[in-house]
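The following exercises ask the reader to work through a protein model in steps. Please study the sequence and the structure before attempting them.

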Amino acid sequence: MPRLAPLLTCLLGLLLLAATPAHSQEMPPWGTGESQGEDLNIYLVTFGPGDDVASWFGHGSLVVEDLRQKQSRLYNYGMFSFDSSMLARYAMGRLEFWVDDASPGATFRFYKSLNRDVRLQELNLTPAQKVELGKLLAVNVLPENRHYLYHHYNDNCVTRLRDAIDKAVGGQLHQAMSGPGRMTLRDHTRRYSDVVPAMGLLLDFLMNDEIDQPVTRWQEAFLPDELERQVAELQVVGADGQKHPLVAKTLNIYTAEGRPVTPAEPPKYGPVLLVLGLLLGGGAAGLGLWFRRSGTRAPRILLGLQNLLVGLVFGIPGLALFIMWLFTDHTVTYRNENLFLANPLTVLAVPLGIQLMRGSPRAIERLRRLWRVLAALGVLGLVLKVLPMFDQDNWRLIALLLPLSMGLEGACTLARGRSPAAAKPAEPITPSLKASGS
């Protein structure tokens with residue numbers, strides 16, 4: 001069930017484990033039936049994005065407060081065990097999360113210390129709905145119920161809150177948010193990961209067309225900000241049969257200072273990547289021509305270095321993507337069209353680039369064959385776009401990687417006319433002097 005988790009939630013989970021008080025073994029009064037609905041307040045909490053990759057998408061929780069009993073607990077569905085087997089489970093797409101309860105005040109102070117927004121929405125529920133939701137959360141946190149298999153888009157720490165609220169209001173949230181979403185899941189992922197474009201591009205590379213399909217507003221609520229917006233807009237039918245806003249009031253506990261606002265739209269850097277791909281591919285071809293004409297060490301070493309770097313930067317993600325498709329449960333990596341552009345073959349540019357830098361006479365020809373295959377695969381992936389099944393939104397990667405592969409193939413074709421081993425220094429020109437007779 002779990003797939004690729006971008007936009008790397010392990011870091012955030014570790015931080016929360018370190019900062020959140022241990023789960024209370026005592027059942028709260030709303031779990032035992034002692035609480036009266038009139039005494040309960042329930043809040044949806046939205047935490048803004050943080051600095052590390054795991055926190056770029058924000059976080060959310062629910063708080064239950066019993067005014068008469070003077071008790072309150074925060075329910076956090078973003079917990080997991082950081083142990084020796086965690087990395088293996090994460091790599092295989094089988095990471096298990098759980099819900100835990102904690103002190104709201106301590107949690108708010110923790111997020112404030114990270115300079116992350118803390119916003120609360122008091123839910124305008126009937127007394128009976130408050131009792132139902134409070135009991136649901138108290139039962140969920142029990143050891144036998146608390147664990148679930150994490151999925152970044154379909155089953156995460158925010159979708160669990162969404163589902164709980166929807167159950168309390170009798171499915172009204174789901175019904176109201178069943179219309180078309182504002183954008184695809186990929187677009188949402190790209191706009192949140194734009195804080196570090198290189199990492200955003202990597203996430204874009206790793207995910208297939210599963211996140212390019214049209215989604216509903218309900219599905220968009222895998223993000224804390226989207227759920228917050230939907231809850232604020234919702235009108236629910238109350239006990240009197242009339243519609244009322246689901247949010248009674250909003251509390252702003254803390255506003256992050258100096259943190260950039262998440263863009264409303266995904267970045268439009270396709271033209272930039274095309275220019276970059278053309279520059280890198282053209283630069284490679286220039287090095288090949290320089291080496292063909294001069295036969296000197298400098299262009300050979302530079303061309304070998306470029307092959308080495310391209311093999312590392314794009315070959316390793318291509319190899320990882322291929323492995324995730326075949327051997328893991330990360331289904332958003334399956335049948336990924338970016339494998340036409342970078343795949344395990346690309347890694348071969350690393351040793352061949354090193355051989356070229358060291359002057360191997362066979363490296364140029366081997367690299368030429370490698371990049372000819374990769375360029376042909378890239379062109380094939382582009383041509384197949386005419387078929388409906390090849391609908392992945394990967395034009396940005398095509399713009400970057402296809403010109404680069406074609407440029408490297410052209411560079412090696414130009415350079416193969418001069419073997420590195422055959423390059424010899426020019427003979428010094430010295431005049432022939434003859435002794436003149438007397």
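Four exercises with worked solutions follow, and the model they concern is a predicted one.

**Exercise 1. Describe the overall make-up of the protein.**

Solution. Step 1: the secondary structure comprises 16 helices and 9 strands. Step 2: of the 438 residues in the protein, 53% are buried. Step 3: the exposed area is about 20400 Å², and 61% of this area is supplied by carbon and sulfur atoms.

**Exercise 2. Determine what span helix α12 reaches, which of its residues are buried, and what covers them.**

Solution. Step 1: α12 covers residues 270-294, which amounts to 25 residues. Step 2: the expected span of a helix is 1.5 Å times one less than its number of residues. For α12 the expected value is 36 Å, and the helix reaches 36 Å from its first C-alpha to its last, close to that expectation. Step 3: the buried residues of α12 are G270, L273, G277, G281, A284, L287, G288 and F291. Step 4: the cover over these buried residues includes α9 (197-206), α13 (297-327) and α16 (395-415). Step 5: just after α12, the residue G295 adopts a positive phi of about 65°.

**Exercise 3. Identify the residues of the nonpolar surface patch, and explain why I316 counts as partly exposed.**

Solution. Step 1: the patch is formed by W290, L302, L305, L309, L312, V313 and I316. Together these residues have about 600 Å² of accessible area. Step 2: helix α13 contributes the largest share of the patch, namely 6 residues. Step 3: I316 lies in helix α13. Step 4: a residue is buried under 20% relative accessible area and exposed over 50%, and it is partly exposed in between. The relative accessibility of I316 is 47%, and therefore I316 counts as partly exposed.

**Exercise 4. Explain why strand β4 is described as largely enclosed, and state how β4 pairs with β3 and β6.**

Solution. Step 1: strand β4 spans residues 96-102, and 6 of its 7 residues are buried. Strand β4 is therefore largely enclosed by the rest of the structure. Step 2: strand β3 (residues 71-79) pairs with β4 in the antiparallel sense, over 4 bridges. Within β4, D101 is the residue that Y75 stands opposite. Step 3: β4 also pairs with strand β6 (residues 147-149), in the antiparallel sense and over 3 bridges. Here W98 stands opposite H147 in β6.

Key: Residues numbered from 1 in each chain as written. Predicted model: local features only at pLDDT ≥ 70, side-chain atom pairs only at ≥ 80, totals over all residues. Heavy atoms only, no water. Helix = DSSP H or I, 4+ residues; strand = E, 2+ residues; numbered from the N terminus. Buried < 20%, exposed > 50% of the residue type's maximum accessible area, 1.4 Å probe, protein only. Contact = heavy atoms within 4.5 Å. Areas by Shrake-Rupley, 256 points an atom, 1.4 Å probe, with all protein chains shown as cover. Patch = residues over 30% accessible without salt bridge, like charges linked within 9 Å, V, L, I, M, F, W, Y side chains within 5 Å. Salt bridge = Lys/Arg side-chain N within 4 Å of Asp/Glu carboxyl O. Pairing = 2+ DSSP bridges.
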